[in-house]
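Let's work through a few short exercises together. Have a look at the structure first, then try each task before reading its solution.

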Amino acid sequence: MRKERLIVPVLAVIAVLWVAAQLLSSVLFERSLRQALDDLAARGEWRVTRTESDQGWLTSQGRLVLSPLLGRPWRLELSYTARHGLLSTDVEGTLLPRLDTVLQQALGEVSAPSVPRWQGTYHTLSGHSELRLALAPFVIQQNGRELAVRGGRLRLEGVYGDWRLRALMDQLTITDGPAELRVGPSTLESRYTYTEDAYHFTQYDSLHIENVALSYPAFDVQIAPLDVSSRMMLDEQELRVKGELHIGEVRVPSEAPDTPLLQNGHMEMELSRINADAVRDTIRQLRQEAAWGDARLPLAGGTLTRLQPDLRQLLSDSPRLDVSTIAVDSPLLGIRLDADGALFFDNRQLDKLDITKLDEPEEQARWRERIDGDFTWHDAPTVAALWLGLPLGTQELAFDVVRGQWRVNGRPMPNLWP
């Protein structure tokens, strides 16, 4: 009898613990989602809106809208349904791209077999999340022009402060009459680490494109492979962006089927000394400007004028562009380029610069006068010296930029174009 009397209390305790675990899983999922959306908005690049939210202790539902912060040419509508378990939450939903009226008219109709669906898992104890998306083939058509994507796959995973993305895209084809551009297959890998409110962050991106082919009736251009990588880091003092470009071969089969035009291309550069506090102030101001806008006018009038003090402050530490490597061979032309150098921006009297007038030639000239630097072409070929009007025995070309004006080996740069 005593054992039978214990059955009901034990079952009651188990039921209470199960309900509590379900409720805790729901609360932690909601907190993690809200935190992820806040972190995404803190970057200053995206506008994130939750249009629907229905939180339950067994299931939760909602709808999110993601669009660029500056303007709203397009938006992504994400719906989700979360089923909460004791140790994890399974999430699934749809992803629907929308274009504004102007862009929709310009691009034409988008046809796809079905609305893309995505799936994910949130682990309650560790806070680790995984999202997976399979993109079905789709086509965009307009007046004889066509963009066709064969499909793709995306995986996003991580925890608060550390996210990783891997996207695989099948071939993308753009057709415009007799011209055709084919890109891919492509692979994008990205990692984003950050502190609260993105006060400090580091983002690394790596894009590998297996093949790029441009076809015209008169000639073809083929590039294979193409690799682009970048690292962006915001710390206490500055924002630094480092990028690398690798090109395997560039061929023009219609002109030289057996000899590459370019091969073994490599470029490496870094932009530094972008004032960190000004970056954060600019992001905050942009978010405020976006909050004042509406669906048709996402940014209020006079935005650039109000942003001008922060944008000037970005240049207050005299930004610097270091080009540590420019290397490429041209078997077809018999030329090798091996160069390096740096450019600097003069940060004195920034109040004399007017960003709102950059479309005027006089203002553009004022900005160019702030640029100084130098580049060196090592072991330059004789033909390069001939192009520049230098003695044929010149083997090193020193390019100097003084107040925006180019000189080569101490001489004014000749006009190379008619």
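Patches are made of residues with over 30% relative accessible area and no salt bridge, and nonpolar side chains such as Leu are joined within 5 Å. Keep in mind that this is a predicted model.

**Exercise 1.** Find which residues make the nonpolar surface patch of about 350 Å², and work out whether Leu-125 is buried or exposed.

*Solution.* Start with the members: Leu-86, Leu-87 and Leu-125 make up this patch. Next, place Leu-125: look in the loop between strand 6 (117–123) and strand 7 (129–135). Finally, exposed means over 50% relative accessible area. Leu-125 has 75%, so it counts as exposed.

**Exercise 2.** Now try Thr-394: is it buried or exposed, and what does it touch?

*Solution.* First, find Thr-394 in the loop between helix 6 (382–387) and strand 23 (397–402). The cut-off for buried is under 20%. Thr-394 has a relative accessible area of 15%, so it's buried. Then check its side chain, which reaches the backbone oxygen of Pro-391 at 2.8 Å. Setting aside neighbours within four places in sequence, Thr-394 contacts Ala-380, Ala-385 and Asn-409.

**Exercise 3.** Which helix gives the most to the largest nonpolar core?

*Solution.* Begin with the core itself: it has 23 residues, and Phe-201, Leu-234 and Trp-367 are among those with the most contacts inside it. Strand 14 (186–194), helix 3 (276–292) and helix 4 (303–314) each supply at least two of its residues. Helix 3 gives the most, with five. A second, separate core has 14 residues, including Ile-335, Phe-375, Ala-380 and Leu-397.

Definitions and conventions:
Residues numbered from 1 in each chain as written. Predicted model: local features only at pLDDT ≥ 70, side-chain atom pairs only at ≥ 80, totals over all residues. Heavy atoms only, no water. Core = buried A, V, L, I, M, F, W, Y, C linked by side-chain atoms within 4.5 Å. Buried < 20%, exposed > 50% of the residue type's maximum accessible area, 1.4 Å probe, protein only. Helix = DSSP H or I, 4+ residues; strand = E, 2+ residues; numbered from the N terminus. Patch = residues over 30% accessible without salt bridge, like charges linked within 9 Å, V, L, I, M, F, W, Y side chains within 5 Å. Areas by Shrake-Rupley, 256 points an atom, 1.4 Å probe, with all protein chains shown as cover. Salt bridge = Lys/Arg side-chain N within 4 Å of Asp/Glu carboxyl O. Polar contact = N/O pair within 3.5 Å; in protein donor to acceptor, adjacent residues only side chain to side chain. Contact = heavy atoms within 4.5 Å.
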